[in-house]
Protein chains: 2
Amino acid sequence: MPNIHVALIHYPVVNKSGDVIASAVTNLDLHDISRAAKTYGVKTFYVVTPLKDQITLANRIIDHWTRGAGARYNPIRCKALELIQIKQTIAEVASHIHHSEHSYPKTVVTCAKKYPSSISFEKMRGLLAGENPFLLAFGTAWGLAEETITAADYILEPVVGNTNYNHLSVRSAAAIILDRLIGTKI
Amino acid sequence: MPNIHVALIHYPVVNKSGDVIASAVTNLDLHDISRAAKTYGVKTFYVVTPLKDQITLANRIIDHWTRGAGARYNPIRCKALELIQIKQTIAEVASHIHHSEHSYPKTVVTCAKKYPSSISFEKMRGLLAGENPFLLAFGTAWGLAEETITAADYILEPVVGNTNYNHLSVRSAAAIILDRLIGTKI
């Protein structure tokens, strides 16, 4: 099993105009990405936001599905949302992984844009086959802030379909990327 | 480009207990699946529901993003939602495709369960390379009703990750399946 942790970043991300913002937590992001993470054997799904009200909201959603009425209504969904850990910063995520894995993760950022240093899916798939922990980060809103992209160990090449349209939702992109990086080769 | 049309079915589908029901339209299904469809060059994204109030709701969402304030706010999103056609039944979808393509589509259903007759992703990918139209159907709620699955020309094998957890959202499943069937081979 790959040693992968996923993070959904709500700060620092950019808005439509390119300004760095903190985005709001979206209920279905937590559901869809935790279900995909559980399907592909991801160890932890970190939801990263420094905003107190968004931390409260995310905790309420997670509690409902892992301990409240939701857990009784749909125990299978519970298994997915149990993967979620809320952290305030990417640095806190790295420390948390270090604490459990005794090693800091290599960070991999995803982005809709190709960089000269972007690594291909195939190469990244090879790197993930090792035992070292990896943190795969996804940006909400209009994507991760430039400072986070350039600070990462790896920038993953963008998902390209059959057209020049590259505006997948973060939920769809996360699902496709997990399938490409750690899914069974078909 | 593949000649593929996608349908998101709200009836007939099953609920948690296996009863055949008509499910409610989910806003983010329309966004996420239309964006994935646009990315992978899908020709039409059919939203299938016989319920009048759900047709009204779906039309309001589509109008907002293709003609209303949403279209001005996010013209890229508009391009995706323009792919949507609302139909009341799967038979109406087939007729609509026949009208534009002068040929009825072969129907391919997706399902989280494997059937003895399930076709592999690899074989299906080969079939889609031809010129005939195909209709790829996804069920909402707990999946397509048995009658719809057995009536299809092909049943696609389920998406399997690295675990025995197979409870992806329909949004994630649709994204992965489009990538596996018509995405650029990596």
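**Exercise 1. Determine through which surfaces the two copies meet in this predicted model.**

Begin with the residues at the interface: 100% of the interface residues of chain A are also interface residues in chain B, so the copies meet through the same surface. Next, take the size of each side, to which chain A gives 34 residues and chain B likewise gives 34 residues. Then ask which helices build the side of chain A that touches chain B: α1 (27–39), α4 (75–81), α6 (121–128) and α8 (170–182) of chain A each supply at least two of its residues. Finally, sort the residues on this side of chain A by character, which gives 14 nonpolar, 12 polar and eight charged.

**Exercise 2. Work out what relation carries chain A onto chain B.**

Two copies of a chain are related by a rotation about an axis and a shift along it. Here, a turn of 180 degrees with a shift of 0.0 Å along the axis lays chain A on chain B, and the RMSD is 0.0 Å. A turn and shift of this kind are the relation of a two-fold axis.

**Exercise 3. Describe how α1(A) packs with α8(A), and then examine α1(B) and α8(B).**

Two packed helices are described by the angle between their axes and the distance between the axes. For α1(A) and α8(A) the angle is about 5 degrees and the axes are 9 Å apart. Since angles under 35 degrees count as roughly parallel, α1(A) and α8(A) are therefore roughly parallel to each other. From α1(A), the contact draws on Leu28(A), Asp29(A), Asp32(A), Ile33(A) and Ala36(A), while α8(A) brings Val170(A), Arg171(A), Ala174(A), Ala175(A) and Leu178(A). Sorted by character, the residues of this contact in chain A comprise seven nonpolar, no polar and three charged.

In chain B, α1 (residues 27–39) and α8 (residues 170–182) pack at an angle of about 5 degrees, with their axes 9 Å apart, and α1(B) and α8(B) are therefore roughly parallel to each other. Among the residues that make the contact in chain B are Asp29(B) and Asp32(B) of α1(B) and Arg171(B) of α8(B).

**Exercise 4. Establish the strand order of the sheet in chain A and find its edges.**

Reading across the open sheet of six strands in chain A, the order is β5-β4-β1-β7-β6-β8, and the pairing is parallel. The strands at the edges are β5 (84–87) and β8 (154–155) of chain A, each of which has a single partner strand, so one side of each is left without a neighbour in the sheet. To look at one pairing in detail, take β4 (residues 44–48) of chain A, which pairs with β5(A) in the parallel sense over four bridges; within β5(A), Gln85(A) is the bridge partner of Tyr46(A).

Notes. Residues are numbered from 1 along each chain as its sequence is written. Chains are lettered from A and ligands numbered from 1 in the order in which they are written. This is a predicted model: local features need pLDDT of at least 70, side-chain atom pairs count only at pLDDT 80 or more; totals for chains, interfaces and linings use all residues. Two residues are in contact if their C-beta atoms, placed from the backbone, lie within 7 Å. Ala, Val, Leu, Ile, Met, Phe, Trp, Tyr, Cys and Pro count as nonpolar, Asp, Glu, Lys and Arg as charged, and the others, Gly among them, as polar. Axes are lines fitted to C-alpha atoms, for helices over the stretch in contact, and angles run from 0 to 180 degrees between N-to-C directions. Angles under 35 degrees count as roughly parallel, over 145 as roughly antiparallel, 65 to 115 as roughly perpendicular and the rest as oblique. Copies are superposed by least squares on the C-alpha atoms of residues with pLDDT of at least 70 in both. Two strands pair if DSSP finds at least two bridges between them.
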